[in-house]
Amino acid sequence: MAVVTVEIDGVTLHLAHPDELAVRWVGQEEVMRQLLAAWLVVDPQDLPMNPRLIGKPGVGKTTLAYAAAKRLGRDVYIMQATVDTRPEDLIVQPVIEGPAKLRYVASPLLSAVIRGAVAVLDEGNRMSEKSWASLAPLLDTRRYVESVVAGVKIKAHPQFRLVTTMNDDASTFDLPEYIHSRLQPQILIDFPERDEEYQILKENLPFGEERILQYVTDFLQQAHAADERYTVRDGINIARFAMKLKGLATGQSHESEALHVSILETLGEEAMRYFPRA
Ligand SMILES: Nc1ncnc2c1ncn2[C@@H]1O[C@H](COP(=O)(O)OP(=O)(O)OP(=O)(O)O)[C@@H](O)[C@H]1O
Ligand SMILES: [Mg+2]
């Protein structure tokens, strides 16, 4: 792909490329509707919001963010946040290009800001307050970012949209109130109903054997009823591994054994209590 550059206030910025994922959102239309609503602009004086998708690891946060952007026909830039993400990683990084020459590389987030695309700030809960602080003006009525490194102030394209995903696990920074208030609304992705969960498994494993998918759906539904943390991602892994085990099984089909081993080796002994009876 060709390198895309833009010039802002005499500074040349090299833009990132959008992400392409082969995912489709199945069921769970209410959270999709809420996310699209948060991004909607209903009046010339209105502004889009910066929603936060929250939920357990593997419930579909990143998938929903991506799929919603694609429903709007927008390019998507996924920016993975970590504990080491610094403000310059979020905005512009200088890269040495030759003697006394710097190249300014725009982050995926800034590339979306400039191009009017959707930025998914993934796992934003892992990022420090310092890094979030550098985004404060982007997340309120000002809608601009400043790169200290490149010495430019960049106004967001009117079509720019942002969503951040956050796990509700323990590995998070506590965000200060002023950041918290800029990342609203908070859209909670919960476990799907049985029907939808089956459809999600099927969407992700279109070659999946019917009986195995049904088994795994039963397993997940029982685990959800007991408020376990197991999600559809675990279910996909279980079904996938069970089918592989079956593929290498000798003699008669050891389907139930394959599922047993797969659940055990995916989630451990504690999960066996939800093993559906044949
Ligand atoms: N409604 C859905 N439609 C289609 N696929 C789904 C849906 N929900 C979950 N999935 C699938 O479940 C898996 C996990 O989803 P995803 O990676 O989006 O979860 P996550 O919440 O972002 O997890 P993490 O917190 O670990 O980043 C993916 O394979 C995704 O395709
Ligand atoms: Mg994710």
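**Reading helices, loops and buried residues**

Trainee: Which residues of helix H2 (residues 61-71) are buried?

Mentor: Buried means under 20% relative accessible area, exposed means over 50%, and partly exposed is in between, with a 1.4 Å probe and protein chains only. In H2 the buried residues are Lys61, Leu64, Ala65, Tyr66, Ala67, Ala68 and Ala69. Helices (H or I, at least four residues) and strands (E, at least two) are DSSP runs, numbered from the N terminus. Please keep in mind that this is a predicted model, in which local features need pLDDT of at least 70 and side-chain atom pairs count only at pLDDT 80 or more, while totals for chains, interfaces and linings use all residues. Residues are numbered from 1 along each chain as its sequence is written, chains are lettered from A and ligands numbered from 1 in the order in which they are written, and side-chain values use heavy atoms, with hydrogens and water left out.

Trainee: What covers the buried residues of H2?

Mentor: The cover includes helix H1 and four strands: S3 (52-55), S4 (76-80), S7 (118-122) and S10 (161-167). Just after H2 comes glycine 73, with a positive phi near 75 degrees.

Trainee: How many helices and strands are there in the chain?

Mentor: You will find 10 helices and 11 strands. The C-alpha trace spans about 70 × 45 × 35 Å along its principal axes. Of the 278 residues in the chain, 49% are buried. The accessible surface, from the Shrake-Rupley method with a 1.4 Å probe (for residues, only the protein chains shown count as cover), is about 13900 Å², and carbon and sulfur atoms account for 52% of it. Contact means heavy atoms within 4.5 Å. Among contacts between residues at least 6 apart in sequence, 70% join residues at least 24 apart.

Trainee: At what angle do the axes of helix H9 (residues 232-247) and helix H10 (residues 255-267) cross?

Mentor: Start with the general idea: axes are lines fitted to C-alpha atoms, for helices over the stretch in contact, and angles run from 0 to 180 degrees between N-to-C directions. Angles under 35 degrees count as roughly parallel, over 145 as roughly antiparallel, 65 to 115 as roughly perpendicular, and the rest as oblique. The H9 and H10 axes come within 8 Å and cross at roughly 135 degrees, which means that H9 is oblique to H10. A crossing is right-handed if the near helix is turned clockwise from the far one by less than a right angle, and left-handed if anticlockwise; H9 passes H10 in a right-handed crossing.

Trainee: Which residues make the contact?

Mentor: From H9 they include Ile238, Phe241 and Leu245, and from H10 they include Leu259, Ile263 and Leu267. Ala, Val, Leu, Ile, Met, Phe, Trp, Tyr, Cys and Pro count as nonpolar, Asp, Glu, Lys and Arg as charged, and the others, Gly among them, as polar. The contact of H9 with H10 has 9 nonpolar, 3 polar and 4 charged residues.

Trainee: How do H7 and H9 cross, left-handed or right-handed?

Mentor: Their crossing is right-handed. The axes of helix H7 (residues 194-204) and H9 come within 10 Å and cross at roughly 55 degrees, so the two helices are oblique to each other. Glu197, Ile200, Leu201 and Asn204 of H7 meet Val232, Gly235 and Ile236 of H9. That contact divides into 4 nonpolar, 2 polar and 1 charged.

Trainee: Where does phenylalanine 275 lie?

Mentor: Look in the segment after H10. Phenylalanine 275 is buried, with a relative accessible area of 11%. Leaving aside neighbours within four places in sequence, phenylalanine 275 is in contact with Tyr215, Phe219, Ser256, Leu259, His260 and Ile263. Its C-alpha is 8.7 Å from that of valine 216, although the two are 59 residues apart in sequence.

Trainee: Is alanine 100, with its relative accessibility of 92%, buried or exposed?

Mentor: Alanine 100 counts as exposed. Its place is the loop between strand S5 (92-98) and strand S6 (101-106), and its phi is positive, about 55 degrees, although it is not a glycine. Glutamine 28 also has a positive phi, near 40 degrees, but glutamine 28 is buried, at 10% relative accessible area. You can find glutamine 28 in the loop between strand S2 (11-14) and helix H1 (29-39).

Trainee: Which peptide bond is cis, with omega near 0 degrees?

Mentor: Look at the bond from glutamine 184 to proline 185. Proline 185 is in the loop between helix H6 (177-180) and strand S11 (186-188).
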